[in-house]
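Please open the model in your viewer and keep the selection tool at hand. The stops below take you from one selection to the next.

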Amino acid sequence: MANLLHPLTPLGHAAPEVASIGPVTITENTGVALASLATRRGREADVATAAQAAGIPQPGPGQAEKAALYGAIWLGEQQWMIEAPFETHEDIAAILKPIFGDAASITEQTDAWVRFDVVAPDLAALFERLCNYDLRSKAPGSATRTVIDHLGCYVVLRAPELVSVIGPRSSAHALRHALITAAKSVF
């Protein structure tokens with residue numbers, strides 16, 4: 001019997017959704033695999049060595065960094081969210097575990113989160129209506145955990161006109177609605 005199951009995006013469709021509001025574009029990004037990495041006590045040097053050998057950045061507080069293949073978002077002391085292309089890293093946790101061995105705890109996160117990439121000429125005006133993260137004072141590579149519409153989210157400033165918002169997959173529709181509503185109020 002043919003496989004009748006088909007993968008759906010966090011918004012429940014076969015393909016990612018894109019919304020355009022004036023100069024703002026909000027894109028559901030399903031092309032990124034995610035895994036959390038937490039260093040085990042006393043194994044900081046082992047994790048740093050393994051990360052460097054594998055080309056996995058370890059940004060500091062309030063930062064996100066992208067290398068050739070992997071990206072990382074700082075979550076807390078010795079904790080990061082690791083990003084990689086979904087196409088090549090669908091099972092990212094299984095790929096990372098041999099790299100770090102028992103020096104780190106690695107948990108698959110891809111299906112727990114939704115990522116929206118927001119492109120706009122004035123991101124600060126848009127995000128001051130959404131959360132308390134002041135983008136005017138931040139440079140690309142800045143990241144934080146904040147609350148958007150009562151949802152715990154990560155906000156990553158990737159470029160002057162590009163922000164990624166990573167929120168709970170179970171609230172994908174509510175988060176998209178909040179982003180669209182804010183965009184309509186500004187543009």
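**The hairpin**

Begin by selecting strand S1 and strand S2 (residues 24–28), which pair in the antiparallel sense over four bridges; strands here are DSSP runs labelled E of at least two residues, and helices are runs labelled H or I of at least four, numbered from the N terminus, while two strands count as paired if DSSP finds at least two bridges between them. This is a predicted model, in which local features need pLDDT of at least 70 and side-chain atom pairs count only at pLDDT 80 or more, whereas totals for chains, interfaces and linings use all residues. Residues are numbered from 1 along each chain as its sequence is written, and side-chain values use heavy atoms, with hydrogens and water left out.

Valine 18 has threonine 27 in S2 as its bridge partner, and at the turn, where two residues separate the strands, glycine 22 takes a positive phi near 55 degrees. Along S1 (residues 18–21), Ala19 and Ile21 point to one face and are buried, while Val18 and Ser20 point to the other and are not; buried means under 20% relative accessible area, exposed over 50%, and partly exposed in between, with a 1.4 Å probe and protein chains only.

**The five-stranded sheet**

Next, select the open sheet of five strands, whose order is S4-S5-S6-S3-S7 with antiparallel pairing. Strand S4 (64–66) and strand S7 (104–108) stand at the edges with a single partner strand each, so one side of each is left without a neighbour in the sheet. From one strand to the next the twist averages 25 degrees. At the S4 edge, three bridges join S4 to strand S5 (residues 71–76), and lysine 66 has glycine 71 as its bridge partner there.

Now add helix H2 (residues 92–100), which lies across strand S3 (32–39), strand S6 (79–85) and S7, running at about 170 degrees to S7; axes are lines fitted to C-alpha atoms, for helices over the stretch in contact, and angles run from 0 to 180 degrees between N-to-C directions.

**Serine 36**

Within strand S3, pick serine 36, which counts as buried at 16% relative accessibility. Its side chain makes a polar contact with the side chain of glutamine 109 (3.3 Å); such a contact is a pair of N or O atoms within 3.5 Å, where within protein one must be able to donate a hydrogen and the other to accept it, and residues adjacent in sequence count only if both atoms are side-chain atoms. Leaving aside residues up to four places away in sequence, serine 36 touches Trp80, Met81, Ser105, Ile106, Thr107 and Gln109, contact meaning heavy atoms within 4.5 Å.
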